[in-house]
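Got a minute to walk through a fold together? Have a look at the chain below, and then we'll talk it over.

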Amino acid sequence: MDCGKISLCAEKNCKFICCNFDSGNYILLFPGELDKAINSNISISHLQILEEDSFGGHKAVCNAKQKHNCDNGYKPLDCKFYPLFPIEIIGDNFFLHKGIKCPLKISEIANQNSFVYNETENIIIKNEKFSKWLKNVKFVGYEKVKINIT
């Protein structure tokens with residue numbers, strides 16, 4: 001699986017509504033993520049940074065409204081994870097938010113569930129800075145879901 005790409009997206013004919021920022025939603029850049037992209041010389045010209053939060057993350061929107069405008073630059077974790085966003089892991093339960101505008105059901109995106117869980121476990125949960133940030137993130141257009149990880 002190509003991380004952050006869901007093959008069913010093209011079949012659902014949702015016109016990639018996840019990339020529409022007209023309803024007040026935004027991309028969340030994890031603490032340190034923007035600096036990492038800049039220091040890697042990966043283009044971020046498609047991202048309009050809106051603000052930095054008090055925990056080191058950033059809010060942004062993507063200006064590549066159509067695929068032909070995309071510079072194939074940096075793809076934030078939030079975009080790779082969509083329609084999911086990690087909240088926490090407690091025992092065998094993985095709690096996430098799922099974007100409500102995405103027509104895909106949790107059962108249809110098992111590979112995405114695994115990808116987000118592995119990335120969350122490997123980079124995010126083990127880092128106290130990320131954990132504190134995650135507890136303070138404000139979500140727009142998401143619902144809480146639980147996935148059993150055993």
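Here are some questions and answers about this predicted model.

Q: What pattern of helices and strands does the protein chain follow along the sequence?
A: Start with the count: the protein chain has five helices and six strands. Reading along the sequence then gives the order, which is α-β-α-β-β-α-β-β-α-α-β.

Q: Why can the protein chain be called as compact as a globular protein of that length?
A: The C-alpha atoms fill a box of roughly 40 × 35 × 30 Å along the principal axes. For 150 residues the globule rule gives 15 Å, and the chain comes out close to that, so it is as compact as a globular protein of that length. The value to remember is its radius of gyration, 15 Å.

Q: Among contacts between residues at least 6 apart in sequence, what percentage join residues at least 24 apart?
A: A contact here means heavy atoms within 4.5 Å. Taking the contacts in the protein chain between residues at least 6 apart, the share that joins residues at least 24 apart is 72%.

Q: How much of the exposed area of the protein chain do carbon and sulfur atoms supply?
A: Buried means under 20% relative accessible area, and 36% of the 150 residues count as buried. The chain as a whole exposes about 8800 Å². Of that area, carbon and sulfur atoms supply 49%.

Q: How far apart are the mean positions of the positive and negative charges of the protein chain?
A: There are 19 positive and 17 negative charges to place. Take the mean position of each set, and the two lie apart by 3 Å.

Q: Which residue in β3 does I27 stand opposite?
A: Strand β1 (residues 27-29) pairs with β3 in the antiparallel sense, over three bridges. Strand β2 (residues 47-52) also pairs antiparallel with β3, over five bridges. From β2, I49 stands opposite A60. From β1, I27 stands opposite A60.

Q: How many of the residues of strand β3 are buried?
A: Strand β3 spans residues 58-62 and is mostly covered. Of its five residues, the number buried is four.

Q: Which residue in the hairpin of β2 and β3 takes a positive phi?
A: Five residues sit between these two strands. The one with a positive phi, near 95°, is G56.

Q: Which residue in β5 is the bridge partner of I90?
A: Strand β4 (residues 84-90) and strand β5 (residues 93-99) run antiparallel and are joined by six bridges. They form a hairpin with two residues between them, and G91 in the turn has a positive phi of about 60°. Across from I90, the bridge partner in β5 is N93.

Notes: Residues numbered from 1 in each chain as written. Predicted model: local features only at pLDDT ≥ 70, side-chain atom pairs only at ≥ 80, totals over all residues. Heavy atoms only, no water. Rg over C-alpha atoms; globule rule 2.2 N^0.38 Å. Buried < 20%, exposed > 50% of the residue type's maximum accessible area, 1.4 Å probe, protein only. Areas by Shrake-Rupley, 256 points an atom, 1.4 Å probe, with all protein chains shown as cover. Lys, Arg positive; Asp, Glu negative; His and termini not counted. Charge placed at Lys NZ, Arg CZ, Asp CG, Glu CD. Pairing = 2+ DSSP bridges.
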